[in-house]
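The following paragraphs walk through a structure, one region after another. Please keep the coordinates open while reading.

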Amino acid sequence: MSRIVIRGGLVVTAAEEVHADVLVEGGRVAALASHDSDPARGWTASADRVIDAAGKYVIPGGVDAHTHMELPFGGTFASDTFETGTRAAAWGGTTTIVDFAVQSVGESLRAGLDSWHAKADAQCAIDYGFHMILSDVNEDTLKEMDILVEEGVTSFKLFMAYPGVFYSDDGRILRAMQRGADNGGLIMMHAENGIAIDVLVEQALAAGRTDPRYHGEVRHELLEAEATHRAIRLAQVAGSPLYVVHVSARQAVEQITLARDEGLNVFGETCPQYLFLSTDNLAEPDFEGAKYVCSTPLRPREHQAALWRGLRTNDLQVVSTDHCPFCFVGQKELGRGDFSKIPNGLPGVENRMDLLHQAVVDGHISRRRWIEIACATPARMFGLYPRKGTIAPGADADIVVYDPDAEQVVSAATHHMNVDYSAYEGKRITGRVETVLSRGEPVIDGREYVGRAGHGQYTPRGTCQYLV
Ligand SMILES: [Zn+2]
């Protein structure tokens, strides 16, 4: 059984910051002890390997609860496979992803889940779990939900957007929520009024407004707020908890805040793109705005303050990426002359931990809150805690040695995601991942990739551990 000691760093978890040495044995955290205490000296003497973390942070590996590797969308596929996407995640300090298996209309949940297992099996560099996208709520699929919860697929995403593809009407949503209330499954909602949005899309295109920036205008912020409100009240009627994915509008945050003040189990996730990018990017000339087309869309810059405030006050609890990359050449270009044909999604799985560290540097959030929203709470929300999301005896040794002083410039030329542009090209960031362990095995070692496809294991999940 290999023994690793991570020595001399500042261990930062959601709960505390301590100068401690960490002993890793058999892929798990065995113990923490004060640096230079007698026990810690003993570990160092007998360890197979000592990782020097002096001047560095020692943090739990990131948990990205929202990724879409190889997602079929708009006649193409997200450009990261499970192999390339999880490798890039590791480079960015993320050691667990929860990806979305997709049920197509007319198909069973089982068939959808099986095909996502086939895509991911033996491909991943880090551990992974699955949520299930429920596109066809009927008697059979409602029953299948119970079985999936038992098997560790404990969360189900529904869409109020994308009519004719993923869309569920209010009646179907209510039925799925009722089932979730019974079986412990957490309902995740893409909250945008897709029926109304489609009318605005049609009108915009008919009027010749075809550039990427109109994607943001037709997906109106009030149509996000309205759907968020409706999802909250449907969940309240069903007696189920609700997790709203990729919140971007200030008015949607207000709805979540209101619901939480009423004591409801309503949770909100936002993503780095809504915190750092805006409609200014969508309006970039020469079709460059297509790089920033995602749904919910980027909002005017003023919305960012409400998102940061929500993250500080815990009205928003999680930052995930919604990583869903499409290359500019050949994929985003499908929408030249018609913004509605631009594949929706942004790359980001590699950038999340760094961007949120920059938010610490910039004073938006505290260091412990960084770990809470990026590691601990997503693990709790999706039934992975304390195996994932913290550094404590018994936890998986998913550990990042993070250099808080390193300077880097984000660029497609140096990132590891399989996509031909970066949404943050040229952005200067203070802080960088140095070494990453996944269950005690090095994946990134002193800025060198030493992992392998197939190290990452499928990780069944418990039910939500975050309920009020
Ligand atoms: Zn998504």
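In this predicted model, helix 5, made of residues 170-183, lies across three strands: strand 11 (155-159), strand 12 (186-190) and strand 13 (242-244). The direction of helix 5 is at about 155° to that of strand 12.

Those three strands belong to an open sheet of 8 strands, ordered 6-9-10-11-12-13-14-15, in which the pairing is parallel. Strand 6 (62-67) and strand 15 (318-319) form the edges; each has a single partner strand, so one side of each has no neighbour in the sheet. For strand 15, the connection to strand 14 (residues 266-270) consists of 2 bridges, and the two strands run parallel. Within this part of the sheet, Glu-269 is found opposite Val-318 of strand 15.

Which residues coordinate the zinc ion? The donors are His-66 and His-68, each through NE2, together with Lys-157 through NZ and Asp-322 through OD, at 2.1 to 2.7 Å. The angles among these 4 donor atoms run from 79 to 168°. A tetrahedral assignment would need all angles between 85 and 135 degrees, so this range does not qualify, and the site is classed as irregular. For reference, the ideal angle for four tetrahedral donors is 109.5 degrees.

Along the sequence, the donor residues follow the spacing H-x1-H-x88-K-x164-D. His-68 sits in the loop between strand 6 and strand 7 (72-73), while Asp-322 sits in the loop between strand 15 and helix 13 (352-361); the pair therefore ties together parts that are 254 residues apart in sequence. Both loop donors are buried: His-68 has a relative accessible area of 5%, and Asp-322 has one of 10%.

Helix 12 spans residues 303-313. Its buried residues are His-303, Gln-304, Ala-306, Leu-307, Trp-308, Gly-310 and Leu-311. In an α-helix there are 3.6 residues a turn, so residues three or four places apart point the same way. After helix 12 comes Asn-314, with a positive phi near 65°.

The last stop is Ser-422, in the loop between strand 16 (399-409) and strand 17 (428-438). Is Ser-422 buried or exposed? Its relative accessible area is 4%, under the 20% limit, so Ser-422 counts as buried. Leaving aside residues up to four places away in sequence, Ser-422 touches Val-410, Ser-411, Ala-412 and His-415. A polar atom of the Ser-422 side chain also lies 3.0 Å from the backbone nitrogen of Tyr-424.

Methods: Residues numbered from 1 in each chain as written. Predicted model: local features only at pLDDT ≥ 70, side-chain atom pairs only at ≥ 80, totals over all residues. Heavy atoms only, no water. Helix = DSSP H or I, 4+ residues; strand = E, 2+ residues; numbered from the N terminus. Buried < 20%, exposed > 50% of the residue type's maximum accessible area, 1.4 Å probe, protein only. Polar contact = N/O pair within 3.5 Å; in protein donor to acceptor, adjacent residues only side chain to side chain. Contact = heavy atoms within 4.5 Å. Pairing = 2+ DSSP bridges. Axes fitted to C-alpha atoms, helices over the stretch in contact; angles between N-to-C directions. Donors = N, O, S within 2.8 Å, 3.2 Å for Na, K, Ca; no water. Tetrahedral: all angles 85-135°; square planar, octahedral: opposite > 155°, others 65-115°.
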